[in-house]
Amino acid sequence: MDVQPDRPGRRRSATRTRPNSTVDKKWALRRCAALLAVSASCALLPAPAQSAERIDYVALGDSAAAGPLVPGPDPNLACLRSTMNYPRVAAERLGAELTDVTCSGAEIEDFTGRQHGFLPPQFDALEETTDLVTLTIGGNDAQLVQAAVSCLNALPEPVGISCADRFTEHGDELAERIDAVTDDFAAALDGIAQRAPDAEVVVAGYGTYIRPGGCHPKEPIWARDADYLQSSVDKMNAVLAEQASAHGAEFVDIAAVSEGHDVCAAPDEKYLEGVLPTSVAAPLHPNARGMAAFGDAVADAVESSSA
């Protein structure tokens, strides 16, 4: 260490400590004051923003929501549920945590009872903390798919019997079936509200399966039968929309989304498959392209309501 002479006979270092000196006390006071100032400044800074909590989303419904045979099968093969169905598409758009209990063949009674005798009721997935519920239901209650299958006729009119004539011979059988669904659907919406009181509820309707006049023989259904069947689907949608509004739920008009993308459309434009599917999907059901469009429509509705 470099040293300098101080007085004869003594040497001092370049650095000297002076415990309890006045200078050291003043320095300590200044340092303490500085630390207090920094601490106070930090206290005034805004707290870091917390990341938004994930949406707890439960999807209920039948095959129009489950997506039978659409690629990406869910491990629960009993429901023929796809991992590319509209609930999954909507969940990914919204960044939601999805519990998907949609199931092919489901009726409203399967919300509270065991489907196929062994699957838990769909309502078991609902909790008080559920944030979002979507559902598509009612078509199987009114047996609309069975009615559509009964209308198929590859022969040109008038060879055969019109299903529209058959269903309307004594009133309108399909209309009566649809009207009978109304009270059960209303009760289902009440059941959702009881189990998930804070959840946003979105009802997704059914699609435009066939355009006015149909496209016989491409799809083997006579023009007037095609119009009758689609009018019945439209009536079902009207019931769902009316009850959704009455129960404070949002209705997503899938019929409007799928217009022009029906079973008569070109294979690369279809959202819904016909009797002989042109992509991997169940006959008379949405394909992957349709599920993507319907999922976006549902996500748009949720985002709009929270904007």
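1. Is Leu 69 buried, partly exposed or exposed? In this predicted model, Leu 69 comes out as partly exposed, because its relative accessible area is 48%, and exposed would need over 50%. As for where to look, Leu 69 sits in the loop that runs between helix H2 (63-66) and helix H3 (86-94).

2. Leu 69 also has company on the surface. Together with Leu 80 and Val 280, Leu 69 makes up a nonpolar patch there, and the three share about 280 Å² of accessible area.

3. Now follow that loop to H3 and check its ends. At the N-terminal end, Asn 85 acts as the cap, with a side-chain oxygen 3.1 Å from the backbone nitrogen of Arg 88. After H3 comes Gly 95, and its phi is positive, near 65 degrees.

4. The inward side of H3 is worth a look too. Its buried residues are Tyr 86, Pro 87, Val 89, Ala 90, Ala 91 and Leu 94. Their cover includes H2 and helix H9 (288-306), along with strands S3 (55-61), S4 (96-100), S5 (132-136) and S6 (200-204).

5. Stepping back to the whole protein chain: you'll find 9 helices and 7 strands in it. Of its 307 residues, 43% count as buried. If you take the contacts between residues at least 6 apart in sequence, 68% of them join residues at least 24 apart.

6. Last, the outside. The chain's accessible surface adds up to about 16400 Å², and carbon and sulfur atoms account for 55% of that.

Conventions: Residues numbered from 1 in each chain as written. Predicted model: local features only at pLDDT ≥ 70, side-chain atom pairs only at ≥ 80, totals over all residues. Heavy atoms only, no water. Patch = residues over 30% accessible without salt bridge, like charges linked within 9 Å, V, L, I, M, F, W, Y side chains within 5 Å. Areas by Shrake-Rupley, 256 points an atom, 1.4 Å probe, with all protein chains shown as cover. Salt bridge = Lys/Arg side-chain N within 4 Å of Asp/Glu carboxyl O. Helix = DSSP H or I, 4+ residues; strand = E, 2+ residues; numbered from the N terminus. Buried < 20%, exposed > 50% of the residue type's maximum accessible area, 1.4 Å probe, protein only. Contact = heavy atoms within 4.5 Å. Polar contact = N/O pair within 3.5 Å; in protein donor to acceptor, adjacent residues only side chain to side chain.
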